[in-house]
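Here are some notes to read alongside the structure, set out as numbered points. I hope they help you find your way around.

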Amino acid sequence: MHEVDMTRCLLQALEDWRDQHPVQPCVEQVHLLVGEFTCVEPSQLRLSFAAAVKDTWLAAAQLSITSVPLVGKCLVCGNSYRPDPACGYASPCCGHPMETILSGRELKIQRIDYS
């Protein structure tokens, strides 16, 4: 379950962010972008985050996750497409293997709502 490791990294990033503020902020919501190709399960990430922030300065914070679709680009025909794992992620136009990923690997904080 790498969601626990992702939560640890997220908490470290939030602590680093907190250290940049002269007064400790009250975090209401953390907005994440999570790519489909990261293999992160959003429900498991939410559970891990909720357990990790219990009784901490982030206890009131909610996690909002926006899924980013996997989009590949075929270097042969030049088309962008949503790869299908059942087809080996190949281009639906020409069958060439996916070599370039345009999106879907994101795992980052989009914004933090706080007061």
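1. Surface first. This is a predicted model, so please take each value below as computed from it. The protein exposes about 6900 Å², and carbon and sulfur atoms supply 52% of that area. Of its 115 residues, 33% count as buried.

2. Charges. The protein carries 9 positive and 13 negative charges. If you average the positions of each group, the two mean positions come out 3 Å apart.

3. Overall architecture. You will find 2 helices and 6 strands here. Walking along the sequence, the pattern reads α-β-α-β-β-β-β-β. The radius of gyration is 18 Å, whereas the globule rule gives 13 Å for 115 residues, so the protein is more spread out than a compact globule. The C-alpha trace tells you about its extent too: along the principal axes it spans about 55 × 25 × 15 Å.

4. Contacts along the chain. Take the contacts in the protein with a separation of 6 or more: 70% of them come from residues 24 or more positions apart. S115, C94 and D16 are each worth a look with sequence distance in mind, and they come up again below.

5. Strand β1. Is β1 enclosed or open to the outside? This strand covers residues 27-35, and 7 of its 9 residues are buried, so β1 is largely enclosed by the rest of the structure. The cut-off for buried is under 20% relative accessible area.

6. The partners of β1. Which strands does β1 bridge to, β2 and β6 being the ones to check? With β6 (residues 107-114) it shares 7 bridges, and the two run antiparallel. With β2 (residues 62-68) it also has 7 bridges, but here the strands run parallel. To find these pairings on screen, start from two residues in turn: L33 has K108 of β6 as its bridge partner, and V34 has S67 of β2. As general background, side chains in a regular strand alternate between the two faces of the sheet.

7. The end of the chain. S115 sits in the segment after β6. Its relative accessible area is 59%, so S115 is exposed. Even so, S115 has contacts beyond its sequence neighbours: setting aside those within four places, it touches P25, C26 and E28. One of these, C26, is 89 residues away in sequence, yet the C-alpha atoms of S115 and C26 are 5.3 Å apart.

8. The three-stranded sheet. β4, β3 and β5 form an open sheet in the order β4-β3-β5, with antiparallel pairing. The edge strands are β4 (80-81) and β5 (100-103), each of which pairs on one side only. Between β3 (residues 71-73) and β4 there are 2 bridges. A handy marker is G72, whose bridge partner in β4 is Y81.

9. C94 and its surroundings. The loop between β4 and β5 holds C94. With 40% relative accessibility, C94 counts as partly exposed. Leaving out neighbours within four places in sequence, C94 is in contact with C74, V76 and C77. How far is C94 from F49? The two are 45 residues apart along the chain, and their C-alpha atoms are separated by 42 Å.

10. Two backbone angles to inspect. C39 is not a glycine, yet it has a positive phi of about 65°. This residue lies in the loop between β1 and α2 (42-53), and C39 is exposed, with a relative accessible area of 57%. D55, also not a glycine, has a positive phi of about 65° as well. You will find D55 in the loop between α2 and β2, where it counts as exposed at 72% relative accessibility.

11. A residue in the helix at the start of the pattern. D16 belongs to α1 (residues 3-19). At 39% relative accessibility, D16 counts as partly exposed. D16 and L58 are 42 residues apart in sequence, and 13 Å separates their C-alpha atoms in space.

Technical notes
Residues are numbered from 1 along each chain as its sequence is written. This is a predicted model: local features need pLDDT of at least 70, side-chain atom pairs count only at pLDDT 80 or more; totals for chains, interfaces and linings use all residues. Side-chain values use heavy atoms; hydrogens and water are left out. Helices (H or I, at least four residues) and strands (E, at least two) are DSSP runs, numbered from the N terminus. The radius of gyration is taken over C-alpha atoms; the globule rule is 2.2 Å times the number of residues to the power 0.38. Buried means under 20% relative accessible area, exposed over 50%, partly exposed in between (1.4 Å probe, protein chains only). Contact means heavy atoms within 4.5 Å. Accessible areas come from the Shrake-Rupley method with a 1.4 Å probe; for residues, only the protein chains shown count as cover. Lys and Arg count as positive and Asp and Glu as negative; His and the chain ends are not counted. The place of a charge is taken as NZ of Lys, CZ of Arg, CG of Asp or CD of Glu. Two strands pair if DSSP finds at least two bridges between them.
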